[in-house]
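Colleague: Got the model open. Can we go through a few strands and one arginine?

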Amino acid sequence: MSSARSSTPGELRRILVFTTMALLVAACIQPSGPQSLLRLRWPEPPDRTRIEHVQTIVSPRDLGPAPTSWERVVDFLLGSRPRYRSIAHPADVAVSSDGEVLYVSDFAQGIVHVLDLARGGARYFGERNRFARPFGLALDSEGRLYVVEQGARQIRVVDEAGATLKIIRSDRLIRPTDIEIDDARNRLYVADPSHQRSREHFIRVFDLDGNYLGEVGEGRGTRPGQLLFPTYVTLDPEGNLYVSDTMNSRISVFDPEGRFLRMLGSRGDGFGQFDKPKGIAFDSLGNLYVVDSSWSNVQIFGPQDDVLLFFGGRGGFPGLLRNPTGIAIAQHSNTIYVGDYLNRRVSVFQLVNTEADDGLLEQSQNGGTPR
């Protein structure tokens, strides 16, 4: 049996040239990201547009400058780590106070995507020291990022470079999800939906040094003040705590002292009703946005808890959603970022044609039911 002939230096050069050319062609024809010829708007014409879909973010390519074809070839040939990553399973989103940086927790990849909205490109927190199933995100007044690690039952705090500053742990945490920070009151709220058979369905309260202070809510149940799988939280300007009481299909509201105030919504597929509410956030006008993972839409409530409008709907077309999760709103621009979980992307919307004294109720009637 004859032995295999080794390749000559000339053959190796030809193989390298052919491989490089093939990679260049593939890089040049690869699409830069989802494109849409039709921009979805809500409500439907002829009513005045209030919400429009403006962008879909799958990877840093959708933000502007991306690695060139030559850079991708060099990375491949040298075995370098890719200069960008696509979003896999976005569990939550957070946006910096200046609106220039978007943070996306990636539950599947164990990292946080740090997307530069102003200049394009991205960094990744957790590449060397992976997060254990990262979920909720929150930024404090100093720009430090708090990341809920559901798999480790802890909160990791990182600086603007991604370096770990501290770890907040407690044996009271069972299956933490979302997080919110009240800088004025030195409090940290952590949603903890626990498990089906547990009575421990609470919002856990810490101070910003990580000391455990207690809980909000009366435990697992359906009565007012009780919670059933609380998953996401947010605060209004007065410090009232809004909780996505997911399996009760409602939003529960508590005052800064943890006293129950009221509920928004009920189970159903009409205006102001939910199936599985998830992410919640306020815009700069005081309107509350509630993501419904099951109906795959977002409903807007006015300052008086009146339902104003919904947008989204189930699908893969840009502007539609599949099981959305977290939401963040840039306060200076009212740009809305929604974690589009099963579409593996962040969907970006814009509040338009709306001032503080405007009402949307008369426009919402032509938008259909939330389902």
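**Strands and an arginine**

Modeller: Fine. Keep in mind that this is a predicted model. The arginine is R123, which is found in strand β6, residues 122–125.

Colleague: Is R123 buried, exposed or partly exposed?

Modeller: R123 is partly exposed, because its relative accessible area is 40%, and the range for that class lies between under 20% for buried and over 50% for exposed.

Colleague: What does R123 touch, leaving out residues up to four places away in sequence?

Modeller: V112, H113, V114, E160 and A161. With E160 there is also a polar pair: a polar atom of the R123 side chain lies 3.0 Å from the backbone oxygen of E160.

Colleague: And how far is R123 from P60, C-alpha to C-alpha?

Modeller: The separation is 9.4 Å, with their positions 63 residues apart along the chain.

Colleague: Change of topic: β21. How many of its residues are buried?

Modeller: β21 covers residues 297–301, and 5 of its 5 residues are buried.

Colleague: Which residues sit on which side?

Modeller: N297, Q299 and F301 are on one side, V298 and I300 on the other, and both faces are covered. In a regular strand the side chains alternate between the two faces of the sheet.

Colleague: Which strands does β21 pair with?

Modeller: Strand β20, residues 288–292, pairs with β21 in the antiparallel sense over 5 bridges. Strand β22, residues 307–312, is also antiparallel to β21, joined by 5 bridges.

Colleague: Which residues face each other there?

Modeller: On the β20 side, V291 stands opposite V298. On the β22 side, F301 has V307 as its bridge partner.

Colleague: What about the turns? Which residues have a positive phi?

Modeller: In the β20–β21 hairpin, with 4 residues between the strands, S296 has a positive phi of about 55°. The β21–β22 hairpin has 5 residues between its strands, and D305 in that turn has a positive phi of about 70°.

Colleague: Last one, β2. How covered is that strand?

Modeller: Mostly: β2 spans residues 51–57, and 5 of its 7 residues are buried.

Colleague: And what are the partners of β2?

Modeller: Strand β1, residues 41–42, runs antiparallel to β2 and is joined to it by 2 bridges. Within that pairing, W42 is bridged to I51. Strand β25, residues 345–351, pairs with β2 over 6 bridges, again antiparallel.

Colleague: Which β25 residue is opposite T56?

Modeller: S347.

Technical notes: Residues numbered from 1 in each chain as written. Predicted model: local features only at pLDDT ≥ 70, side-chain atom pairs only at ≥ 80, totals over all residues. Heavy atoms only, no water. Buried < 20%, exposed > 50% of the residue type's maximum accessible area, 1.4 Å probe, protein only. Pairing = 2+ DSSP bridges. Contact = heavy atoms within 4.5 Å. Polar contact = N/O pair within 3.5 Å; in protein donor to acceptor, adjacent residues only side chain to side chain.
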